[in-house]
Each structure stands twice: as structure tokens, then as C-alpha cells.
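Colleague: I am new to this structure. Please pick one part for a close look, then set it in the context of the rest.

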Amino acid sequence: MNNEPIISLKGIGEKTAGLFARIGVETVEDLLHNYPRAYDEYTPPVSAGEVKEGAVAAVIGRLTQTASVKRIPGGEVVTLQLRDTAGVLQLVWFHMPYLRQTLQVGRIFVFRGKVVKKNQRLTMEQPEVFTQEEYGKRMHSLQPVYSQTKGLGNRTIVRAVAQALAARQMEREYMPDDLRRKYELAEYNYAVEHIHFPADRQELLFARKRLVFDEFFFFLLAVRSLKERRGEGDSSFVMKRGPQVERLCRTLPFCLTKAQERVLGEVLGDLESGRVMNRLIQGDVGSGKTILAVFALLEAVDNGYQGALMAPTEVLAKQHFETVSRLFETCGIVCSVVLVTGSMTAKKKREAYRQIESHEADLIIGTHALIQEKVRYDRLALVITDEQHRFGVGQREALGVKGAGSTHGKDGEAAGGMPHVLVMSATPIPRTLAIILYGDLDISMIDEVPANRLPVRNCVVDTGYRENAYRFIAREVAAGHQAYVICPMVEESEMIEAENVLDYTRRLRRELPSSVRVESLHGRMKGKEKNAVMERFASGEIQVLVSTTVVEVGVNVPNATVMMIENAERFGLAQLHQLRGRVGRGRAQSYCIMVDGSGEDGVRERLDILNRSNDGFFIASEDLKLRGPGDIFGVRQSGELEFRLADVFTDADLLKIVSGEVNLLLQQDPMLDAPGHQELKRRMERYQAEHSERMNL
Ligand code: ADP
Ligand code: MG
């Protein structure tokens, strides 16, 4: 029932359904779980002199003049001035001449809308009009704001969600009673309804808590019951230090940092220990994780095994392939490396598979194409995934299992043997949370970056600084460098006031000299298109890349020296830190320009934390302190761990609670076979399935 296509809802036809598909909503169920990305709050009204440019505001005032109506081509414009002792606000409506009857001198109204500057005057265009009483009723209520796409505005989505809620099949409660009572969790159906339409903040928080609880619950349940099945214990791939590892040590063009040395010791120690390695390396952007991966892979090769390195995107996989090949050449390492990505031609793929199966290839680098059926390994002893959080749990698992079947014993039967697993992540998660989220892994921290780097210079500016910034970018480009410009949105949206990639690209093409090549990159583009753009940027053919946060992961273009971030106030500091980590990778001085588009107090203070530190762990925890754990309306802290609502920083306390409860549950009923746990089990399995589907993204 809830899995019916949304076209079954009243008022949704082919065309609208097609638009919904663009934001990933196809069924009623999808719609119910397409949660608002923000809430618009009806705040107490202020007087005309108090409004600020750029913000949505409600102003209250007694009318001292009648509205004037002017004819323009295609309609009429109603204008009115609202004044108090401190200032004047211009109000403008198009095509609403009848308003003149309503707006009578002497009456008091509340007007609500976005304040912009038009001809040097503060102006509200098309504000909503309320009597004082009407507004009073709405005050403090929260209107959902959804992610939108061209042609699909917020109002349409709100209506569709309301329809879906009315038509939905109610779900039976599956969370055990004692848990609901102990943690004061809302009933499930109630939570789904009120996350969309809460009467006030309290109701919203109540609904949200339940849904966040569920997200953590099924995630941890899924991970931990998978873990039960993973072979732990003795390894069939016991390694010894070999000649190529020694050679790389001697010939490496730089000295490892102390932290790298320590972690390398832990990793090689695992490989030589006789036990299966399951290790996470956490290290800030630029801390030098890749070289550690290379060492570990070489150790496998030295011992006659294969090693695989899997990256979340083709761009990153290719980049690793090139880095590794170049490094081996400089250091005189003999090792055959092969690249496998989804967009390779069938012929090339076949050739790669052949080399892998025949063990002509020692080292395999690629995307999730590495775990496709057709790839057969020969003694795959080590699997490394880079930027682990981008993968579903199942994906990590699948590659592990693949390794298990790859080793052929004397009689042609699998000699068994889970490969060693190493995952690398730059997500700055405090150790306590990492242990919960990656509880099945030992954790190594690289808590130091190479000393030879010039620190990135940061500044926080307001939108008035843009012209300077463009001139600065033009100068850097003229000097042979490149720049990123980040916008929070892909395209223009009716409700959300933020810069978008498509319009911004057009604007920059106008603003910058015509010789400068400006292109866009965003998540709605097809994989191939994204790769092509990224490659052209990496090769220097594109000089300015206007992008959403898709560039945030792992990409290394050392020639880029400017990172300009529009609407910086909308990002979590941890995310800003990741973005900043895209520059400062080469020899030249790099710059990070954060544009505060809000003009609100406190934003600058928050962003200033980034000026004070380059340490991702420190930054994330300071941000949390400053905002307080109750702040769920603003920014997501970690864009990386893919929960819909939950945020591992903001909801850290709940995460700890859920972790304890999941452990308890699995202790009491490891297979979830008890009569009361059937539905939990079904949902947990669905969660696992959905995650492994993500493998084929
Ligand atoms: P990340 O940890 O973000 O994946 P990378 O592995 O991409 O970082 O390393 C970033 C850059 O730093 C690379 O160009 C790499 O060669 C270089 N690098 C790594 N370790 C050191 C070191 N100890 N000294 C100097 N440069 C290093
Ligand atoms: Mg990396």
C-alpha cells in the first residue's frame, strides 16, 4: 500500500510524479520519509525599522497611508510604505489589485516575507498579509521546507505530503514497549506525521527523537548482526616484511610523520600477527593516509598475494591509480597495478579481469566495480577502502566475502581465509563515537599533518566582498592556479535563500575574464559527466569549478589555491573543514574565503573557529559546544554518515544510548527470533538489503 507510486495520490499526475522522481521520491513511502530539510518559523513580528536585508521577517505596523496601484504591462502593482521612527519599509505586490480594499488607513497588519534591497530601499516583495489575530494564531508554528527542484516548489511538496499522510497505511508499532517507555519515544506513525507538520518545536523534537532513535537502531543492528557472520580470528594470510616495503621506506621522497610511523607499525603488525586485520585509520584531510595504504598493499604483494584499494568515486580511484603508479616508478618498485572502474569499456574491463584472475595484476585499484560478480581474484589478502563512510555496510562486507572465496586450495576447493580489511576515513569523529559506529574495527588515529605545509589563509566576509574575491580569483588563475567555488544548492529554489551552482556558474562566466574556463559540478549530474568535469579540472583545462559539496571527498588537485564557499553559514564546521582541505595541498600559498550570506550575529563567531584551528577533531567539538546539542534546525554536522535525520555529533548522546540497547537486545536474542522481535528482524533485513543496493549507485 505505502509502496504504491505517488501517482496514486489525488492531485499528482504524470508530470508532477516525474519531477518527484528527480528528488528521489517515487512511492508514497518515499514521500513519507522525504523529511523537511528545514522549518520556517513564524517569529514574533518586529517594526519596520528593525528589519534587516536578506532575512525573512514579519513586520507589524499601523497603516498611515493608502496603498497606491500602478498599471504596468501585464498587470498591476500595489505598493505601500510602512514607516516607524527608525525606518521605512517598502511593500510591493504584483497582480493583486484587490489588496487595496483590505489595506485601509488606520488598520494594523502583519506582513511576512523576504527583505531585499531595491533601488537602495528595503523592500518586501509579495509578502503574506495577516491581521494581528491571524498572525498570533500562527506564531511559533513551523512550516516544513523541503528540498526542491525546478518546477517542483515547496507548496506542491507540502500538499503531496499531506495527501500521503492521509492516504497512508498505518504501520504496526515494532519498537519494544519497554524501550519506548524508558526513552519516552513517540509512537511511530505519530512521529512520521509530526516530523512533517509539527505544531511547535516541542512536537518536532519529540517526533524527531523517535525517528533518529530508529535510524541509529537499525543501522547498529544491521552492522552488528553482520559482524556476527564475519570470520574473525586466525588469518590464512600471515605476512613477513619483504624487499619492496623496505625499498619504499628507503626511497620515499619524504619522511613519514611520527603519527604515520606509528599507524604504519600498527597496520604491518596486524598483517604479520596471524590474526585477521579489521582496522580503521582515521586521519584528517591531508594527513597522508594514502601512503600508508600503499605500504600495506606492497606488503601483501611482497608475500605473493593480491591487494585491492577501493575508492567511493571514479575520480578518486583514477587519482589513486595515477599516484601509485607514479610513486612506484620514482621509487623503482616492481609491482603491476590495474585500474577497474564502471565506465571503462567492456573490452578494457575484460582485460583487467583476466589480469586479476591470472595474478598478472598484483594490485587492483577501483570503484565498487571491484566487487562485481565477474571479478575473480587470486589470493586476495588485503582489501582497503578509502573514505569508508561513503559506502554502505554491505559493501564492505561484500568485498570481504569475495576475498574469502578467492583462494583455491590444492583440491580446487576454497582454502578459506577472510582477507585483511583496512578502511580509511577523514570524518573527524571523536574516538568514543568511532568505537560505536565502527565497533567491529580496531582504530588507528593519524593526529598530525606533515609539517612542510603552508597553512591555508582563511577569511570570513560578507556578500559585499564578492567583487574583491572575483578579482582575487582572476589573479590566482592568471598566475597559473585554480579555484573552487562552493554553493549549497544545485539550482534556484523558491523557499531557500542560498546560492546555487547553475546560476552562479553563469554569473562567474560574466564576472571573470572570458579566457577563464568556469564549469559546474553537482550531484545531479551523471557519473560520467562528473568524472569528465573532474578530470578536466585536475588536468588544468578548467580553472574555476563551481560545485556543490560533491568535491568534499578526498579529491587532490594540488594546483588549486582558492576555496570560496558561498553561504558558509549553512555548512557544519566539520564540513567546511573538509572543503578547506581541498586546497593547501601544493607548494603555493592557498586561501579559503567563506562568504557569510546571513548577516546574522553569531555566525562569524562560529566560522571563526576555523581560523583558530586546522584540527578537524577540535573544530567539530567546538562547533558542537557553541551550538549546543539541542540545535537541530541549522546545519548538519557531518554530511558524511548517511542518515536521513540523525547526526552523529548532534545526536551523540542518543547514539550512545541506542548502542547500549542494541547490544543488550542482541545478547538476549542474537537471531531476533523471539515472538516480539519478528518485525524488528524484518526491518533490519530490509535495512541491510537497502544498503547493499546502494552498492550499485
Ligand atoms: P589524505 O589523508 O587526505 O588522504 P593524502 O594521502 O592524499 O592525504 O596526502 C596528501 C598529500 O600529502 C599527498 O600529496 C602526499 O604525497 C603528501 N604526503 C603524505 N605524507 C607526507 C609526509 N609525511 N610528508 C610530506 N608530504 C606527505
Ligand atoms: Mg585521501
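Modeller: I start with the ligand site and then move outward to the rest of the chain.

This is a predicted model, so local features need pLDDT of at least 70, side-chain atom pairs count only at pLDDT 80 or more, and totals for chains, interfaces and linings use all residues. Residues are numbered from 1 along each chain as its sequence is written, chains are lettered from A and ligands numbered from 1 in the order in which they are written, and side-chain values use heavy atoms, with hydrogens and water left out.

Now the site. Ligand 1 has 16 residues around it. A residue counts here if one of its heavy atoms lies within 4 Å of the ligand. C255, G286, K289, T290 and R453 come nearest. The shell divides into five nonpolar, seven polar and four charged residues. Nonpolar means Ala, Val, Leu, Ile, Met, Phe, Trp, Tyr, Cys and Pro; charged means Asp, Glu, Lys and Arg; the others, Gly among them, are polar.

Three side chains offer polar atoms to ligand oxygens. The side chain of T290 has an N or O atom 2.6 Å from an oxygen of ligand 1. For the side chain of K289, that distance is 2.8 Å. R585 has a polar side-chain atom 3.3 Å from a ligand oxygen. The protein buries 82% of the 570 Å² that ligand 1 exposes when taken alone. Accessible areas come from the Shrake-Rupley method with a 1.4 Å probe; for residues, only the protein chains shown count as cover.

Next, the whole chain. It has 697 residues, and buried ones make up 54% of them. Buried means under 20% relative accessible area, exposed over 50%, partly exposed in between (1.4 Å probe, protein chains only). There are 23 helices and 22 strands. These are DSSP runs numbered from the N terminus: helices are H or I with at least four residues, strands E with at least two. The accessible surface is about 31500 Å², and carbon and sulfur atoms hold 49% of it.

Inside, the largest nonpolar core has 73 residues. Such a core is a set of buried Ala, Val, Leu, Ile, Met, Phe, Trp, Tyr and Cys residues joined through side-chain atoms within 4.5 Å. F20, L31, F217 and L221 touch the most other members. Helix 8 (residues 201-229) gives the largest share, 13 residues. A second, separate core has 45 residues, including A259, A296, L298 and A381.

Three single residues round this off. R279 is in strand 10 (residues 278-283). It counts as buried because its relative accessibility is 9%. Its side chain makes a polar contact of 2.6 Å with that of D270. A polar contact is a pair of N or O atoms within 3.5 Å; within protein, one must be able to donate a hydrogen and the other to accept it, and residues adjacent in sequence count only if both atoms are side-chain atoms.

S325 lies in helix 12 (residues 314-331). It counts as partly exposed because its relative accessibility is 26%. A polar atom of the S325 side chain is 2.7 Å from the backbone oxygen of F321.

K15 sits in helix 1 (residues 14-22). It is exposed, with a relative accessible area of 70%. K15 and G151 are 136 residues apart along the chain, yet 9.8 Å separates their C-alpha atoms.
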